[in-house]
Amino acid sequence: MIALYPGSFDPLTYGHLDVIERAVRLFDCVVVAILTNPDKSPLFSTKERIDQIQKATAHLDRVEVDTFHGLTINFARQRGAQVLIRGLRAVSDFELELQMAQTNRTLAPEIETLFLSTSTVHSFLSSSLVKGIARLGGPVSHMVPSHIEVALSERYSVRGEI
Ligand code: PNS
C-alpha cells in the first residue's frame, strides 16, 4: 500500500523525519509530496527541498520524494496512494488537521487520512520555528539534519540577516 505524506517541508525538520521513519514501517512505499504553491514564497526552492529530503531519507528504502500543485487528493490518486499521512504534534494541531481530513474525505472517500503522533522530543518543532531561530543566528542542530542546518545558515547569511 502506498502512503502520501504531503506538506510544505520548508524546510524538513526532525519532526517530519520522525513521521516518515514511522510511516515507512507501515507502508510499502511512502511518497513525500512537496506542495509547490505559486502564491507562497518559500525560503527554499522546490529543487532545494527535494534534494534536502532525499538526502535526509537516503537511509530509508521505499521513500520517494515528489512535488505537486493543486489538490492533495488529486495527487494521491495520481500516485495510487490510498492513505494520506499527517503528523500530530499537539492538541493545537488537531482542529485544523481534523478539518483537512474531513474535507479530503468529502472530496475523496476512498482515501484515508492517518495521523501519526510525533515523538515527544520533537513535539515543539515546526519549520517556521526553525526558520525564526536560524534567521537570528541561533542553533538548530537539534531540530534539522546537518545539511539543512548549513543550508539555513547560508541562506540567511547571503540575505545579510545573520
Ligand atoms: O506542511 P503544511 O504546510 O502543514 O502542509 C499543508 C498541506 C500541503 C498538506 C495542505 O495545505 C494541502 O493539502 N494543500 C493542498 C490543497 C488541498 O488539497 N486543499 C484541500 C485540503 S483542506
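In the protein chain, six helices and five strands are found; the model from which these elements were assigned is a predicted one. Along the sequence, the elements of the protein chain succeed one another in the pattern β-α-β-α-β-α-β-α-β-α-α. The radius of gyration of the protein chain is 16 Å, close to the 15 Å that the globule rule gives for 162 residues, and the chain is therefore as compact as a globular protein of that length. The C-alpha trace spans about 50 × 30 × 30 Å along its principal axes.

With respect to packing, 43% of the 162 residues of the protein chain count as buried. When contacts between residues at least 6 apart in sequence are considered, 76% of them join residues at least 24 apart. The protein chain presents an accessible surface of about 8,600 Å², and carbon and sulfur atoms contribute 54% of that area. As to charge, the protein chain carries 16 positive and 18 negative charges, and the mean positions of these two sets lie 2 Å apart.

Strand S1, formed by residues 2–7, is mostly covered, with five of its six residues buried. This strand pairs with strand S2, which comprises residues 29–35; the pairing is in the parallel sense and extends over six bridges. Within this arrangement, Tyr-5 has Val-32 of S2 as its bridge partner. Strand S1 thus combines two features: burial of five of its six residues and a parallel pairing with S2.

Key
Residues numbered from 1 in each chain as written. Predicted model: local features only at pLDDT ≥ 70, side-chain atom pairs only at ≥ 80, totals over all residues. Heavy atoms only, no water. Helix = DSSP H or I, 4+ residues; strand = E, 2+ residues; numbered from the N terminus. Rg over C-alpha atoms; globule rule 2.2 N^0.38 Å. Buried < 20%, exposed > 50% of the residue type's maximum accessible area, 1.4 Å probe, protein only. Contact = heavy atoms within 4.5 Å. Areas by Shrake-Rupley, 256 points an atom, 1.4 Å probe, with all protein chains shown as cover. Lys, Arg positive; Asp, Glu negative; His and termini not counted. Charge placed at Lys NZ, Arg CZ, Asp CG, Glu CD. Pairing = 2+ DSSP bridges.
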